[in-house]
Amino acid sequence: MKKQKAVYTTAFRELWEQMKEDGVWLSQHSLGYQFYVGEYRVTNKEIGRVWGMNQSALYRFIQYLLEGGDKE
């Protein structure tokens with residue numbers, strides 16, 4: 001488990017690439033979004049815990065993904 005820390009916006013793209021390499025993906029649907037590892041649902045809290053993000057950084061990261069920042 002990584003120590004929680006602030007994650008800067010400039011690191012989001014690299015972080016997402018690392019997460020995808022580990023099998024994490026994000027599903028968007030009419031009611032919102034859901035993280036998965038393989039076929040298993042993963043809570044936001046668990047994503048933050050495993051990837052060492054505090055709550056503020058996690059929600060900024062999710063916003064980045066939902067706005068299509070991972071496609072830049």
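Colleague: Happy to look at this with you! How many bridges join strand 2 to strand 3?
Modeller: Glad to help; please keep in mind that this is a predicted model. Strand 2 covers residues 32-37 and runs antiparallel to strand 3. One pair to look for is Y36 and its bridge partner R41 in strand 3, and F35 stands opposite V42. The number of bridges joining strand 2 to strand 3 is three.

Colleague: Which residue takes a positive phi in the hairpin of strand 2 and strand 3?
Modeller: That hairpin has two residues between the strands. The phi in question is near 65°, and the residue that takes it is G38.

Colleague: Thanks! And how many bridges join strand 1 to strand 2?
Modeller: A hairpin joins these strands through two residues. Across the pairing, L26 stands opposite F35 in strand 2. The strands run antiparallel, and the bridges joining strand 1 to strand 2 number six.

Colleague: Stepping back to the whole sheet, which are the edge strands?
Modeller: The sheet is open, and its three strands come in the order 1-2-3 with antiparallel pairing. An edge strand here pairs on one side only. That description fits strand 1 (24-29) and strand 3 (40-42).

Colleague: By how many degrees are neighbouring strands of this sheet turned against each other on average?
Modeller: The value ignores direction, so to speak of a turn here is to speak of the angle alone. On average, neighbouring strands are turned by 45°.

Colleague: Which strands does helix 1 touch where it packs on the sheet?
Modeller: Helix 1 spans residues 12-21, and its direction makes about 105° with that of strand 1. The strands it touches are strand 1 and strand 2.

Colleague: Now the helices: why is helix 1 described as roughly perpendicular to helix 3?
Modeller: The axes of helix 1 and helix 3 come within 11 Å. Angles of 65 to 115 degrees count as roughly perpendicular. The pair is therefore roughly perpendicular, as the axes cross at roughly 85°.

Colleague: How many charged residues are in the contact of helix 1 with helix 3?
Modeller: Helix 1 brings F12, R13, L15, W16 and M19, while helix 3 brings A57, R60, F61, Y64 and L65. By class, eight are nonpolar and none is polar. Arg counts as charged, and the charged residues number two.

Colleague: And at what angle do helix 2 and helix 3 pack?
Modeller: Helix 2 (residues 44-51) and helix 3 (residues 55-66) have their axes 10 Å apart. N44, I47 and G48 in helix 2 meet L58, Y59 and I62 in helix 3. That contact has four nonpolar, two polar and no charged residues. The two helices are roughly perpendicular, with an angle of about 110°.

Colleague: Which element gives the most residues to the largest nonpolar core?
Modeller: This core has 17 residues, and those touching the most other members are W16, M19, F35, I47, M53 and F61. Helix 1, strand 1, helix 2 and helix 3 each give two or more residues. With six residues, the top contributor is helix 3.

Colleague: Last one: which residues does I47 touch, not counting those up to four places away in sequence?
Modeller: I47 is one of the core residues that touch the most other members. I47 also takes part in the contact of helix 2 with helix 3, where L58 is among the residues met. Its full list of such partners is M19, V24, F35, V42, M53 and L58.

Note on methods. Residues are numbered from 1 along each chain as its sequence is written. This is a predicted model: local features need pLDDT of at least 70, side-chain atom pairs count only at pLDDT 80 or more; totals for chains, interfaces and linings use all residues. Side-chain values use heavy atoms; hydrogens and water are left out. Axes are lines fitted to C-alpha atoms, for helices over the stretch in contact, and angles run from 0 to 180 degrees between N-to-C directions. Helices (H or I, at least four residues) and strands (E, at least two) are DSSP runs, numbered from the N terminus. Angles under 35 degrees count as roughly parallel, over 145 as roughly antiparallel, 65 to 115 as roughly perpendicular and the rest as oblique. Contact means heavy atoms within 4.5 Å. Two strands pair if DSSP finds at least two bridges between them. A nonpolar core is a set of buried Ala, Val, Leu, Ile, Met, Phe, Trp, Tyr and Cys residues joined through side-chain atoms within 4.5 Å. Buried means under 20% relative accessible area, exposed over 50%, partly exposed in between (1.4 Å probe, protein chains only).
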